[in-house]
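Q: Hi! Could you walk me through this structure while I have it open?

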Amino acid sequence: MKKILFVLFTAAAMLAGSANAVTVRGWGTGALVGHDLTDPEDDGNRDAYVNYNAVFRSSVEPYFAAEGAFNVFDNFVGVGADKWCCDLNGWVEADFGSKRYQLTSFTAASANDVPGRDSDKWQILGSNDGINYSVIFSYDREGVSPWGQRYQVNEYTAGVDYALPAAYSIFRYQTFSVVNSNTHQLAELEFFGKEYVEPAVDVPEPGSIALLGLGLLAAAGVVRRKRA
């Protein structure tokens, strides 16, 4: 009986753990989801700031090609100009202007070089003013890469890997340390979300306003007659 209970408990624990496990989509460019918020049409220029639906900013290397930070939005997983490298720590973000989204999922892909350059402490942050940022997702495992292989595309989903956040117009990837190196690398990021729409405010029809005005005038007339 004890053996059966142990087996059942172990199985339940494994199932519970797998429910919160990151989804590995595969390896390389073909494993990306595509049509993400930064490039819904999938026609962004691989080496230039053309045909993207967001403004990109970064703390270091703010450009495409030459291993710049904006390469994480170029829809390619690869070497050289298809990845961000090689400062130690920093951030890169996508700003969608007046549009706000609830981040329903995102992907993050490892680059080609040694796993020691992978971040072992990083966050996805959200903001609506570029000043105040809220943590949406955190990875913090000292000395452990979130990727088991090179060019691996991990997918993180709201409600499974993190709580569904509020709607934000800016999404930032921030790295704080790497596994075991003096440089950091990341191949790709994809953000997916549901656009937030302000609730409609009911405005009375002109006819309704006119009737309300007549009703108020009639009520005022009754009050005057009573006073007289």
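Q: Which residues of β2 are on its covered face, and which on the uncovered one?
A: The covered face of β2 holds F56 and S58, while V55 and R57 make up the uncovered one. Strands here are DSSP runs of E, at least two residues long, numbered from the N terminus. This is a predicted model, where local features need pLDDT of at least 70 and side-chain atom pairs count only at pLDDT 80 or more, whereas totals for chains, interfaces and linings use all residues. Residues are numbered from 1 along each chain as its sequence is written, and side-chain values use heavy atoms, with hydrogens and water left out.

Q: Why would the faces alternate like that?
A: In a regular strand, side chains alternate between the two faces of the sheet.

Q: Which strand does β2 pair with, and how many bridges join them?
A: β2 runs antiparallel to β4 (residues 90-95), with four bridges between them. Two strands count as paired if DSSP finds at least two bridges between them. F56 has A94 as its bridge partner in β4, and R57 has E93.

Q: Is β4 mostly covered or uncovered?
A: Mostly covered, since six of its six residues are buried, which means under 20% relative accessible area (over 50% is exposed and in between is partly exposed, with a 1.4 Å probe and protein chains only). G90, V92 and A94 lie on one side and W91, E93 and D95 on the other, and both faces are covered.

Q: How many bridges does β4 make with β10?
A: Six, in the antiparallel sense. One of the pairings puts G90 opposite T175 in β10.

Q: Switching to the core: which residues touch the most other members of the largest one?
A: Those are V92, F106, W122, I124, F171, L189 and F191, out of 32 residues in that core. A nonpolar core is a set of buried Ala, Val, Leu, Ile, Met, Phe, Trp, Tyr and Cys residues joined through side-chain atoms within 4.5 Å. The elements giving two or more residues to this core are β4, β5 (101-109), β6 (119-127), β7 (133-140), β10 (170-178) and β12 (188-195). β5 gives the most, with four residues.

Q: What is I124 in contact with, leaving aside its neighbours within four places in sequence?
A: I124 is in contact with L103, F106, S134, V135, I136, F137, R172, Y173 and F191. Contact means heavy atoms within 4.5 Å. Apart from the largest core lies another, of seven residues, among them A31, V77, A109 and A187.

Q: Now the rings. How many aromatic pairs are there in the whole structure?
A: A search finds 25. Rings of Phe, Tyr and Trp (its six-membered ring) pair if their centres lie within 6.5 Å; planes under 30 degrees apart count as stacked, over 60 as edge-to-face and the rest as tilted. Y49 and F64 have ring centres 5.8 Å apart and planes at 65 degrees, so they are edge-to-face. Y49 is in the loop between β1 (23-27) and β2 (55-58), and F64 in the loop between β2 and β3 (84-85), 15 residues apart.

Q: Are those two buried or exposed?
A: Y49 is partly exposed, at 41% relative accessible area, and F64 is buried, at 8%. Y49 also pairs edge-to-face with F70, centres 5.7 Å apart and planes at 65 degrees. F70 counts as buried, at 4% relative accessibility.

Q: Which charged ends sit over rings?
A: K121 sits over the ring of F176, 5.8 Å from its centre, and R172 over the ring of Y133, at 4.1 Å. That label needs NZ of Lys or CZ of Arg within 6 Å of the ring centre and within 35 degrees of the ring normal.
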